[in-house]
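Thanks for coming. Please have a look at the model on the screen before I start.

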Amino acid sequence: TVIHDNNFEHSPDYLKPSHQRYMTCVSPQFARYSTRIATVSEFSKKDIAETYHLPLGKIDVVYDGAHADYHPLTSDEQSRTREQYTQGHPYFLFVSTIIKRKNLTTLLLAFDRFKATDTQGVRLVVVGHRVWWQDELKAAYDGMRHQEDVLFVGRAESLELARLMGSATALVYPSLFEGFGIPILEAFHAEVPVVTSNCTSMPEVAGDAALLVEPTDVDAMAAALTCLATHADLRRQLVAKGCGQRSRFSWDITADLLWQSMMKTVEP
């Protein structure tokens, strides 16, 4: 069995009620009766073992990779993308299906605070299908002073998303819970700086190549946005570190690790 993460075991409001009931019913059974389990990070390995009372030796870490579409863009390509989406303005990028766990709420509050001192006309581009839009998320957006600087573009196909990623000032990935966090790795391949959360799997994937913030700390996130918007040297340093960190992950490595895990079911 492949289990990416156990977010539904920790926060029952992360999924639709019907999905929540299904996952909490069958996942322990899948985990218990599987010969082996593959998961995508050391964090998830420990979490699965603790949640379902399994030996760590039954679980193999098989890291994710990034799509080949993600690579550095030329300055002309970046300029054309910014002209298309933000009238030439620099922008931060948020990429995810919009659900509670992805924590767009805190980012909107932090971006509004960041804009109070922004002199560059920075925008926030939000890419992803809107599944959840109520409660605190709706309140955060409705209360923004700088709504006009937030652009929702919906879903984007792979090549278009790679263009948006490669033209951003930084990726902001403030999720509350992840088993891996593929957009972090995609940003490393696009050679774009990253701000992400300091919890669950994200520090494991990011290493020292991203700014890590507590995902519900609006002030800390706003400060991270300001640092990246105003310090070109910091952006270059993070990109250089990201180039090193990304070498730990690839789909070839994933395939090899998954094969090794499968062979353990045949030759334990």
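I will go through two helix pairs, one tyrosine and two backbone angles.

This is a predicted model, in which local features need pLDDT of at least 70 and side-chain atom pairs count only at pLDDT 80 or more, while totals for chains, interfaces and linings use all residues. Residues are numbered from 1 along each chain as its sequence is written, and side-chain values use heavy atoms, with hydrogens and water left out.

Helices here are DSSP runs of H or I with at least four residues, strands are runs of E with at least two, and both are numbered from the N terminus.

Now the helix pairs. Two packed helices are described by the angle between their axes and the distance between the axes. Axes are lines fitted to C-alpha atoms, for helices over the stretch in contact, and angles run from 0 to 180 degrees between N-to-C directions.

Take α5, residues 104-115, and α6, residues 135-142: their axes come within 9 Å and cross at roughly 15°. That angle makes α5 roughly parallel to α6 (under 35 degrees is roughly parallel, over 145 roughly antiparallel, 65 to 115 roughly perpendicular, the rest oblique). On the α5 side, Leu-104, Thr-105, Leu-108 and Leu-109 make the contact, and on the α6 side Glu-136, Leu-137, Ala-140 and Tyr-141; contact means heavy atoms within 4.5 Å.

How do α4 and α7 pack? Helix α4, residues 75-86, meets helix α7, residues 158-166, at an angle of about 100°, with the axes 9 Å apart. The two are therefore roughly perpendicular to each other. Gln-78, Arg-80, Thr-81, Gln-84 and Tyr-85 of α4 face Glu-160, Arg-163, Leu-164 and Gly-166 of α7 in this contact.

Next, Tyr-91, which lies in strand β3. Is Tyr-91 buried or exposed? Tyr-91 is buried, with a relative accessible area of 0% (buried is under 20%, exposed over 50%, partly exposed in between, with a 1.4 Å probe and protein chains only). Leaving out residues up to four places away in sequence, Tyr-91 touches, among others, Thr-81, Arg-163 and Leu-164. A polar atom of the Tyr-91 side chain lies 2.6 Å from the backbone oxygen of Leu-164.

Last, the backbone angles. Asn-103, in the loop between β3 and α5, has a positive phi of about 65° although it is not a glycine. Asn-103 is also buried, at 6% relative accessible area. Thr-200, in the loop between β7 and α9, has a positive phi near 50° and is likewise not a glycine.

Note on methods: A polar contact is a pair of N or O atoms within 3.5 Å; within protein, one must be able to donate a hydrogen and the other to accept it, and residues adjacent in sequence count only if both atoms are side-chain atoms.
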